[in-house]
Amino acid sequence: MTTPAQRSRLWPAALAGVIAVGSGLAIGELVATMVSPDAAPFVAVGSAVVDRTPTLVREWVITTFGTSDKLALFVGMGVVIALLAAECGVAERRRPPAGVMIVVLFGVLGVGAALDRPTAVWTYAIPSAAAAVVALIVLRVLVGMLRGSSVSGEAEGVTRRFVLTAGGIIALAVVAGGVGRRMLADTTRTVADRLAVRLPAPRSASKPIPAGVEVADATSFVTSNSDFYRIDTALRLPSLTTADWELRIHGMVDRELRVRWTDLLSMDLIERYVTLTCVSNEVGGDLIGNARWLGVPMKTLLDRVGVHAGADMLLSTSSDGWTCGTPVSVVADGRDAMLAIGMNGVALPVEHGYPVRQVVPGLYGYVSATKWVVDWELTRFADATAYWTDRGWSAIGPIKLASRIDRPRSSASFAPGDVVVAGTAWSQHVGVREVQVRIDDGPWRTADVATEYSRDTWRQWHYTWAATPGKHTVTCRAIDADGRAQIETPSSPIPNGATGLDMRRFTVE
Ligand SMILES: Nc1nc2c(c(=O)[nH]1)N[C@H]1C(S)=C(S)[C@@H](COP(=O)(O)O)O[C@H]1N2
Ligand SMILES: [Mo]
């Protein structure tokens, strides 16, 4: 039997359990901001409960609690979790590691619930896992202190330490949870705003994709939004809305201008396929994608502000402070440089710059493709630098002619006979004229190039190789529309893009 004295010692243990689980949940909220609002442990478990509640019960809840049914659910969950958490502390105090086991069970439930969300990817497991780890540590520390008090007998000092530690943890948890909630609310607002966007039709549509631009079993000509590579310095995605968004244009201009979302929608929009490439792309790498972008020509806005003759740089800044310098001459030379609002028929995905980003055919992303763009300053290359140029990359970054082998996949092994080797080549805004293939140290042979969509997009190619048994290398190189061949000397991406030829090894048996 438990004596009253023992029972009174269990209250601090129960409190320790509640603090431990509470701080775990708070950290879970904070971590979820980096993954997805749907992955926050409390929300994930709540959603799982709702999904599994029998319709009858759900109807009863809704009729009983009316529109506050969600609040009722969360309060109910809160009470249940608090009781279990208290039990956790008591169990850990009496029979360690019983409390730890309960926390682990909580963690597993949270991870399971998060992974069960319709939008889930494996990273959804992280917030609940982090929550469980934090809860475990806090539980061990606090209950450890209580145990210390009963062993050493110097109860008073230990109590003071327990109260201080517990208080400190509660304060940290409140801050973490508060910040997490706030950020999740922002994200949710942005996601809702994006879903409500109706893109206008372009004044000038992209031309249809002709047959023959794509080689079977190679890379698709259009990269889907979910497969599109993502490169940026944002630890947390900026959460803008169309109502918040404003582009301020200033510097060496005749008249400053502030552009709102509705202004953009009222201008003449163009829609174009443009292939973006990252300067960090290694030879054979996949930091490249081709999408159909909808937007306002950047030149339209430059014309409105009246750019001074001496201004040669458009310095753009994103809402999270990233900067990029683009030559004014390039933006204004008639190419389809645009302030994009649409990607493959939908509003820009948040990670690709929602609500507005730049797309400039022919330049690497670090000098052209500012996402979440909110500021344009007309200035001079002599006077300004940008994020990556401050870190050793070139101020001027035209995309280099390159080619890549996509088929067969590197790991493939195949029987002797005809094998189709295929891939893609790019030289945005110049165009690709020819691709050549070399087997081992043999002569360069001309590959069949697929139909060119435009000089701003990549171009596919294929070559039929009469493969003989043994180990072989296959190398490709491209020649651009001006007749220049790809640079064969290997060089690293820094400072202005990799050079060298893509070579793959295959075993034929
Ligand atoms: N705000 C912001 N925009 C940015 C960057 C960034 O770090 N922050 N990175 C640039 C780089 S280096 C590239 S290659 C492209 C990539 O665009 P994507 O992520 O849509 O593929 O975005 C560019 N725009
Ligand atoms: Mo990049």
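Tutor: Before we start on this predicted model, one definition is needed: a pocket is an open set of grid points with protein on both sides within 12 Å along at least five of seven lines, and its lining residues have an atom within 4 Å of a point.

Student: What makes a residue part of the lining of the largest pocket, and which residues lie nearest its centre?

Tutor: The cut-off is an atom within 4 Å of a point of the pocket. The lining of the largest pocket has 29 residues, and nearest the centre are Val35, Ser36, Leu237, Val350 and Glu351. The volume of this pocket is about 960 Å³, and helix H7, residues 155-195, gives the largest share of the lining with five residues.

Student: How do you know which domains the lining of the largest pocket draws on?

Tutor: The chain is divided into domain 1 (4-186), domain 2 (214-391) and domain 3 (402-508). At least three residues of the lining come from each of domain 1 and domain 2. As for the domains themselves, the C-alpha centres of domain 1 and domain 3 are 55 Å apart.

Student: What classes of residue make up the linings of the two pockets?

Tutor: Around the largest pocket there are 15 nonpolar, ten polar and four charged residues. The lining of the second largest pocket has 20 nonpolar and six polar residues, with no charged residues. Asp, Glu, Lys and Arg count as charged, so Glu351, one of the residues nearest the centre of the largest pocket, belongs to the charged class.

Student: Where does the lining of the second largest pocket come from?

Tutor: Helices H1 (4-32), H2 (41-52), H4 (69-94), H5 (98-115) and H6 (125-152) each supply at least two residues. The lining has 26 residues, and Val45, Met77, Ile81, Phe106 and Leu109 lie nearest the centre, while the space in this pocket is about 510 Å³.

Student: Why is the pair formed by arginine 357 and ligand 1 called a polar contact?

Tutor: An N or O atom in the side chain of arginine 357 is 2.7 Å from an oxygen atom of ligand 1. A polar contact is a pair of N or O atoms within 3.5 Å, so this pair qualifies. A backbone N or O atom of threonine 233, at 2.9 Å from a ligand 1 oxygen, also meets the cut-off, and so does an N or O atom in the side chain of tryptophan 322, at 3.3 Å. Taken alone, ligand 1 exposes 540 Å², of which the protein buries 99%.

Student: Which residues come nearest to ligand 1, and how does its shell divide by class?

Tutor: There are 18 residues around ligand 1, and Tyr229, Thr233, His352, Arg357 and Lys371 come nearest. The shell divides into eight nonpolar, five polar and five charged residues.

Student: What makes the backbone at proline 97 and asparagine 344 worth pointing out?

Tutor: Most residues other than glycine have a negative phi, and most peptide bonds are trans. The peptide bond from proline 96 to proline 97, however, is cis, with omega near 5°, and proline 97 sits in the loop between H4 and H5. Another cis bond joins isoleucine 494 and proline 495, with omega about 10°. Asparagine 344 is not a glycine, yet its phi is positive, about 55°; this residue is in the loop between strand S7 (338-343) and strand S8 (346-347). Aspartate 440 also has a positive phi, near 50°, and lies in the loop between strand S13 (432-439) and strand S14 (445-446).

Key. Residues are numbered from 1 along each chain as its sequence is written. Chains are lettered from A and ligands numbered from 1 in the order in which they are written. This is a predicted model: local features need pLDDT of at least 70, side-chain atom pairs count only at pLDDT 80 or more; totals for chains, interfaces and linings use all residues. Side-chain values use heavy atoms; hydrogens and water are left out. On a 1 Å grid over the protein atoms alone, a cavity is a set of points where a 1.4 Å probe fits but cannot get out, and a pocket is an open set with protein on both sides within 12 Å along at least five of seven lines; lining residues have an atom within 4 Å of a point. Grid points are joined across faces, edges and corners, and a volume is the space filled by probe spheres set on the points. Helices (H or I, at least four residues) and strands (E, at least two) are DSSP runs, numbered from the N terminus. Domain bounds come from an automatic or database domain assignment. A residue is near a molecule or strand if one of its heavy atoms lies within 4 Å of it. A polar contact is a pair of N or O atoms within 3.5 Å; within protein, one must be able to donate a hydrogen and the other to accept it, and residues adjacent in sequence count only if both atoms are side-chain atoms. Accessible areas come from the Shrake-Rupley method with a 1.4 Å probe; for residues, only the protein chains shown count as cover.
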